[in-house]
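The following exercises invite the reader to work through a protein model step by step. Each task is followed by its solution.

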Amino acid sequence: MHDDVIDDGGSFLRPSPSEEDALGRFLDDRGIDGARPWVCFVVRDARFAPVGSGPHASGPLRSRSFEDFIPAALALADRGIPVFKIGLPGTLDVAGLHSRLFDYANDPAKDPILDVMLPARATTVVSTMSGPDAVALAAQVSAAETRPSIQERAQRVNWRRVDEILAKVPAKPPLPGDE
């Protein structure tokens, strides 16, 4: 969580009316009401950030494929919440997995304005510490702002559904260093 970054102020980003309109058209074209919640997943593709050492190395929890997040994305989509996969073109194609899961990374409409506007206006952003999460933070978008406390959430958990979702997660050995 970024509790030390989020404050009581509004967004530090000041998009122009044309940038807001571009986002509105993009959402409308996909049947999404921009006034309702949507989530962006900003997940580094493990191919582009291998685990290792050195100044550009990533830890095993940071270098994850979007495949690791599909059960969570589908659980949100099943509840009618639009989910956008953000990232580089050519990453895992998830188009067609669910009508509410949008593969923005591989979308022909992908452009620099939407690269900023989607995480800046999302309800929340799930991130593995990749560049676009800085946009979300600058826009004051965080799980810290949009979710109740852990204790409050634990009281509302549907544990049967959690078990169903976890059962879909592939049983893979841990990555080296993540034992």
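**Exercise 1. The sheet**

Task: Establish how β1 and β2 pair, and then determine the order of the strands in the sheet.

Solution. The model examined here is predicted.

Step 1. Strands β1 and β2 are joined by four bridges, and their pairing is parallel. Within this pairing, Phe41 is found opposite Lys85 of β2.

Step 2. β1 also runs parallel to β4 (residues 124–127), to which four bridges connect it. Here Val42 faces Ser127, a residue of β4.

Step 3. β2 and β3 are likewise parallel, with two bridges between them. Val83 has Leu101 of β3 opposite.

Step 4. Put together, the four strands make an open sheet whose order is β3-β2-β1-β4, with parallel pairing. Because β3 and β4 are at the edges and have a single partner strand each, one side of each lacks a neighbour in the sheet.

**Exercise 2. The faces of β1 and the helix α2**

Task: Decide which residues cover the two faces of β1, and state which elements the buried residues of α2 pack against.

Solution.

Step 1. On one side of β1 are Val39 and Phe41, and on the other Cys40 and Val42; all of these are buried, and both faces of the strand are covered.

Step 2. Helix α2 comprises residues 70–78, and its buried residues are Ile70, Pro71, Ala73, Ala75 and Ala77.

Step 3. These buried residues of α2 pack against β1, β2, β3 (101–102) and α7 (159–168).

Step 4. The helix α2 lies across β1, β2 and β3, and its direction makes an angle of about 170° with β1. Just after α2 comes Gly80, which has a positive phi of about 85°.

**Exercise 3. The nonpolar cores**

Task: Identify the residues that touch the most other members of the largest nonpolar core, and list the contacts of Leu118 beyond its sequence neighbours.

Solution.

Step 1. The largest nonpolar core has 18 residues, and those touching the most other members are Leu27, Trp38, Cys40, Phe84 and Leu118.

Step 2. At least two residues of this core come from each of α1 (17–29), β1 (39–42), β2 (83–86) and α3 (112–121).

Step 3. When neighbours within four places in sequence are set aside, the contacts of Leu118 are Leu23, Phe26, Leu27, Trp38, Cys40, Phe84, Ile86 and Tyr104.

Step 4. Another core lies apart from the largest one; it has ten residues, including Phe66, Phe69, Val94 and Leu101.

**Exercise 4. The aromatic pairs**

Task: Classify the ring pair of Phe26 and Tyr104, and then that of Phe84 and Phe102.

Solution.

Step 1. Two quantities describe a pair of aromatic rings, namely the distance of the centres and the angle of the planes. The structure contains five aromatic pairs.

Step 2. For Phe26 and Tyr104 the centres are 5.7 Å apart and the planes make an angle of 85°, an edge-to-face arrangement. Phe26 belongs to helix α1 and Tyr104 to the loop between β3 and α3, so this pair ties together parts 78 residues apart in sequence. Phe26 and Tyr104 are both buried.

Step 3. For Phe84 and Phe102 the centres are 5.2 Å apart and the planes are at 25°; the pair is therefore stacked. Phe84 sits in strand β2 and Phe102 in strand β3, 18 residues apart.

Step 4. Buried means under 20% relative accessible area. Phe84 is buried, because its relative accessibility is 0%. Phe102, with a relative accessible area of 14%, is also buried.

Step 5. Ring pairs join Phe26, Trp38, Phe84, Phe102 and Tyr104 into a cluster.

**Exercise 5. The salt bridges**

Task: Locate the partners of the salt bridge between Asp107 and Arg30, and determine whether Lys110 is buried or partly exposed.

Solution.

Step 1. Five salt bridges are present in the structure. In one of them, the side chains of Asp107 and Arg30 meet at 3.0 Å, N to O.

Step 2. Asp107 is in the loop between β3 and α3 and Arg30 in the loop between α1 and β1, so the pair links parts of the chain 77 residues apart.Asp107 is buried, its relative accessible area being 18%.

Step 3. Asp103 and Lys85 form a salt bridge through their side chains, also with 3.0 Å from N to O. Asp103 lies in the loop between β3 and α3, and Lys85 in strand β2, 18 residues apart. Both Asp103 and Lys85 are buried.

Step 4. Lys110 forms a salt bridge with Asp115, with 3.0 Å between the closest N and O atoms. Lys110 counts as partly exposed at 24% relative accessibility, and Asp115 is partly exposed with a relative accessible area of 26%.

How values were computed
Residues are numbered from 1 along each chain as its sequence is written. This is a predicted model: local features need pLDDT of at least 70, side-chain atom pairs count only at pLDDT 80 or more; totals for chains, interfaces and linings use all residues. Side-chain values use heavy atoms; hydrogens and water are left out. A nonpolar core is a set of buried Ala, Val, Leu, Ile, Met, Phe, Trp, Tyr and Cys residues joined through side-chain atoms within 4.5 Å. Buried means under 20% relative accessible area, exposed over 50%, partly exposed in between (1.4 Å probe, protein chains only). Contact means heavy atoms within 4.5 Å. Two strands pair if DSSP finds at least two bridges between them. Axes are lines fitted to C-alpha atoms, for helices over the stretch in contact, and angles run from 0 to 180 degrees between N-to-C directions. Rings of Phe, Tyr and Trp (its six-membered ring) pair if their centres lie within 6.5 Å; planes under 30 degrees apart count as stacked, over 60 as edge-to-face and the rest as tilted. A salt bridge is a side-chain nitrogen of Lys or Arg within 4 Å of a carboxyl oxygen of Asp or Glu.
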